[in-house]
Amino acid sequence: MSETKTPGEKKIGSGKTLTLKPRTETGVVRQSFSHGRTKQVVVEKVKRRVIGGGDGKPEPVPQESTKKPQAPAPRGGSAAPAAPAPKSGVVLRTLTEDERNARAHALADARVREAEERKIAEEEARRRQSRESIEKAEREAAEARKREEEERHRREEEAKRKAEQEAKKRFGDETPAPASVPASPGGGRLGARPQVIEAEDEEAPRGRRPGTGGAARPAPAVKAPRGAAPKQRTRLTVVNATSADEVRERSVASFRRRTQRLKGHHDEPKEKLAREVVIPETITIQELANRMAERGVDVIRMLMKQGHMAKITDVIDADTAQLIAEELGHTVKRVSEADVEEGLFDTPDDPDELDPRAPVVTIMGHVDHGKTSLLDAIRSANVVSGEAGGITQHIGAYQVESPSHGKITFIDTPGHAAFTAMRARGAKVTDIVVLVVAADDGVMPQTVEAIQHAKAAKVPMIVAINKIDKPDAKPERVRTELLQHEVQVESLGGDVLDVEVSALKKMNLDKLLETIGLQAEILDLKANPRRLAEGTVIEAKLDRGRGPVATVLIQRGTLDIGDIVVAGSEWGRVRALISDKGENVQQAGPSVPVEILGFNGTPDAGDRLAVVESEARAREIATYRERQRREKQAARQTGMRGSLEQMMAQAKTAGRKEFPLVIKADVQGSLEAIIGALDKLGTDEVGARVVLSGVGGITESDITLAESIGAAVIGFNVRAHKEAREAAERDGIEIRYYNIIYNLVDDVKAAMSGLLTPERRETMLGNARIQEVFNVSKVGKVAGCIVTDGTVERGAEVRLIRDNVVVHEGKLSQLKRFKDDAKEVKAGQECGMAFENYQDMRVGDVIECYRVEQVQRSL
């Protein structure tokens, strides 16, 4: 067909070849794969194009293609007939041979691309399947390693620190080698995968400090071989995402972290362990949480649910703690605070381990009956000369070697009435009591008291009748007087041994020791030296050079240097042991008296001493006893507790005057005796109040306390420090020193007597009867009286009695004899009387005249 040119028509063709340009729109689509993986791809959209055909219908064209734009669909390989001219008048020519060849080439290229894309999709599917199998194997291996780690951690000791465990888990010191990862069929991507995982795991902890909370650390990842080339991580772009030779995927560690984030950072639930929680009477919330192995915030949260706001340091009672522990699934064991002392004393010994021990003998009796002199004669020492006034005011313990019965331990006690507690303490720790009675004096009050102490302690008694060398000695009188107190000696048919001795002449001392030895053999005294030591504090003092020093009688076990001991509310480690002869010893067995150095404070005399296994136990016992002592002292001061009789006594003495005192003594026993003697001086009106008492010298703080409350400072066998003396002089505080308890008690008694209200004593002078009442100008009423009895004096006190009822008490202002002033008027004489500030006088009233005197009282 030839082309025809029509005038006025536009020229369609040109000299160039006609080609088709695809009209496309480009976009980005995110594809999702399994296990949360995604990828962005470029998508081209081809618009529909209408090409005229022989039947006038449009030919469909593929609309979308992936990866690259596709050409329009072919028409069967031959040229289609030309389409009719559109209504607009435009006529399209038929395709040339070149155009048909180009379209055929485009179709062939499209088919090749489809085959390649199909092959790539199959390869990706194979790679994905291989990758999933590898990930599954890695997860199983990680879970197996985790189970092995948990099993290994359970076998490890609990004493290992948590930081070491985390270090081993982090660096995999003991982690078994992971299974080898198979190579990827698609190249080197999977072979380089472990290196990527390792890099991510190494970078993960940098944003989190060790020991902080958060998700649990995943199992150690598989490391790449040393020869493998590291994979270079580049920035994620559209080109990298759509490249056909490499697919960027998430690592196992990243996937595991994402899973933990979705779960809310919760670890795998662990099995709850039910514990037996020991709960005392009071416990802090922190301690309760520690004993339950729970978090303190959980315990506080439960208290808040119950409507109780608390801090972790607050103390709760045992009932509340038990409710919380049981609600958390634990079992509760309630204990008392006193259980801390359980097992400290009196644990039974095996009879096969008992060895003979020396007897403990206490010397008791009335003051000045020769107790210390007798002991000096036995010991060949002179203790009496060291005591002030020749009176024993300290309790002493000594050990003597008997010629026939080995060692004997003697305890010397004071005989003064103030030292009752010392005598009672000596009787409690003794095996035998030697009652010393002077042959010239007989049984005295403290002798009777010593007999009562011995009977209360249920120990045998030996009567030593002393001073038989005196001319007026009457031993039979002593034996007879003892019968009045149910003490029957052998010579009178009883079972109490008696020995006549003379401490001055050293007569019959060997017989006394023989009697003590025989009595000890009857008692068959034994103790176990191979156990922790127990004993009793006989005396305690504060030495400025050595610190607190306690004289202790060991009763059971053996005390060694370095042992941790507790006595009362004080504890310490034994630094030195000193015998009664002043020698340092390494250990002390049963029935041995020693001085112990090393206490952190001065214990009280009479406290029981025990050796404990650790400082923690000693501190716990001492803290409990100190708290108990403070509570008792507070109750005694405030009077909040006690019986009805005590409350009535306190109400009776509520308004009495108090004499405050600060007392410092050399030893605990003397201090105890002084306080006891001063307590007996008190009455309902006045009493001594010991504000501060202690063992040791007078310090500056003692003076400061005395100055603040106006107390007197008393030192018994101690002196004030230099700073204390200067402070006393500056503040005007007097320090009184004493070395005999008699003088101290007498002076305090005299000072307390000054606080007593003087007694008002009346002395009757005389009586007068009113016969007439006169009105005198400028004076008032004057009674004309006659003195019926005694004498009436001017200025004396008078009472106006009417019908045997006192209607007025006052003073006599005027006394006149006729018109003159008189100093006194005797019986039978008439006089005129006027009262101060009183005018109501009547005929027949009786005026009683008396004198008032103030008499100072004494205790």
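# A walk through the helix pairs, strands and loops

Let's start with a pair of helices: helix 16 crosses helix 19 in a right-handed sense. Keep in mind as you look that this is a predicted model. Helix 16 covers residues 668-681 and helix 19 covers residues 741-753, and the two pack at an angle of about 35° with their axes 10 Å apart. On the helix 16 side, the residues to click on are Ala 673, Ile 674, Ala 677, Leu 678 and Leu 681. They meet Ile 741, Leu 744, Val 745, Val 748, Lys 749 and Met 752 of helix 19. Sort the residues of this contact by class and you get 10 nonpolar, no polar and one charged.

Now zoom out for the whole chain. The protein chain has 859 residues, and 38% of them are buried. Its secondary structure comes to 19 helices and 36 strands. What about contacts between residues that sit well apart in sequence? Taking contacts between residues at least 6 apart, 69% join residues at least 24 apart.

Back to helix pairs, with helix 9 and helix 13 next. Helix 9 spans residues 371-379, and it packs against helix 13 at an angle of about 95°, the axes being 10 Å apart. The two helices are therefore roughly perpendicular to each other, since an angle of 65 to 115 degrees counts that way. From helix 9 come Leu 374, Ala 377 and Ile 378, which meet Leu 509, Leu 512 and Leu 513 of helix 13. The class count here is six nonpolar, no polar and no charged residues.

Just ahead of helix 13 there's a backbone detail to check. Lys 506 sits in the loop that runs from strand 14 (497-500) to helix 13 (509-523). Its phi is near 55°, which is a positive value in a residue other than glycine. Why look twice at that? Because most residues other than glycine have a negative phi. Asn 717 is another such case, with a positive phi near 60°. You'll find Asn 717 in the loop between strand 27 (712-716) and helix 18 (722-731). With a relative accessible area of 30%, Asn 717 is partly exposed.

The third helix pair is helix 7 (residues 296-305) with helix 8 (residues 318-327), whose axes come within 11 Å and cross at roughly 110°. That angle makes helix 7 roughly perpendicular to helix 8. The crossing of helix 7 and helix 8 is right-handed. Val 299, Met 302 and Leu 303 make the contact from helix 7, while Thr 320, Ile 324 and Glu 327 make it from helix 8. By class, that gives four nonpolar, one polar and one charged residues.

Next, a few single residues and the company they keep. Is Thr 362 buried or exposed? At 0% relative accessibility it counts as buried, because the cut-off for buried is under 20%. Thr 362 belongs to strand 9, residues 360-365. Its side chain is joined to that of Thr 430 by a polar contact of 2.9 Å.

Move along to Asp 441, in the loop between strand 12 (432-438) and helix 11 (445-457). A relative accessible area of 35% makes Asp 441 partly exposed. Leaving aside residues up to four places away in sequence, Asp 441 touches His 369 and Arg 477. With His 369 there is also a polar contact between side chains, at 3.4 Å. His 366, which is 75 residues away from Asp 441 in sequence, lies 9.7 Å from it in space, C-alpha to C-alpha.

Which residue 173 places along the chain from Leu 354 has its C-alpha atom 5.0 Å away? That's Ala 527. Setting aside residues up to four places away in sequence, Leu 354 touches Asp 349, Lys 526, Ala 527 and Asn 528. Leu 354 itself is in the loop between strand 7 (331-334) and strand 8 (355-356), and at 28% relative accessibility it counts as partly exposed.

Last stop: Val 252, in helix 5 (residues 252-263). At 11% relative accessibility, Val 252 counts as buried. Its C-alpha atom and that of Arg 139 are separated by 8.3 Å, though the two residues are 113 apart along the chain.

Conventions:
Residues numbered from 1 in each chain as written. Predicted model: local features only at pLDDT ≥ 70, side-chain atom pairs only at ≥ 80, totals over all residues. Heavy atoms only, no water. Helix = DSSP H or I, 4+ residues; strand = E, 2+ residues; numbered from the N terminus. Buried < 20%, exposed > 50% of the residue type's maximum accessible area, 1.4 Å probe, protein only. Polar contact = N/O pair within 3.5 Å; in protein donor to acceptor, adjacent residues only side chain to side chain. Axes fitted to C-alpha atoms, helices over the stretch in contact; angles between N-to-C directions. Parallel < 35°, antiparallel > 145°, perpendicular 65-115°, else oblique. Left-handed = near helix turned anticlockwise from the far one by under 90°. Contact = heavy atoms within 4.5 Å. Nonpolar A, V, L, I, M, F, W, Y, C, P; charged D, E, K, R; others polar.
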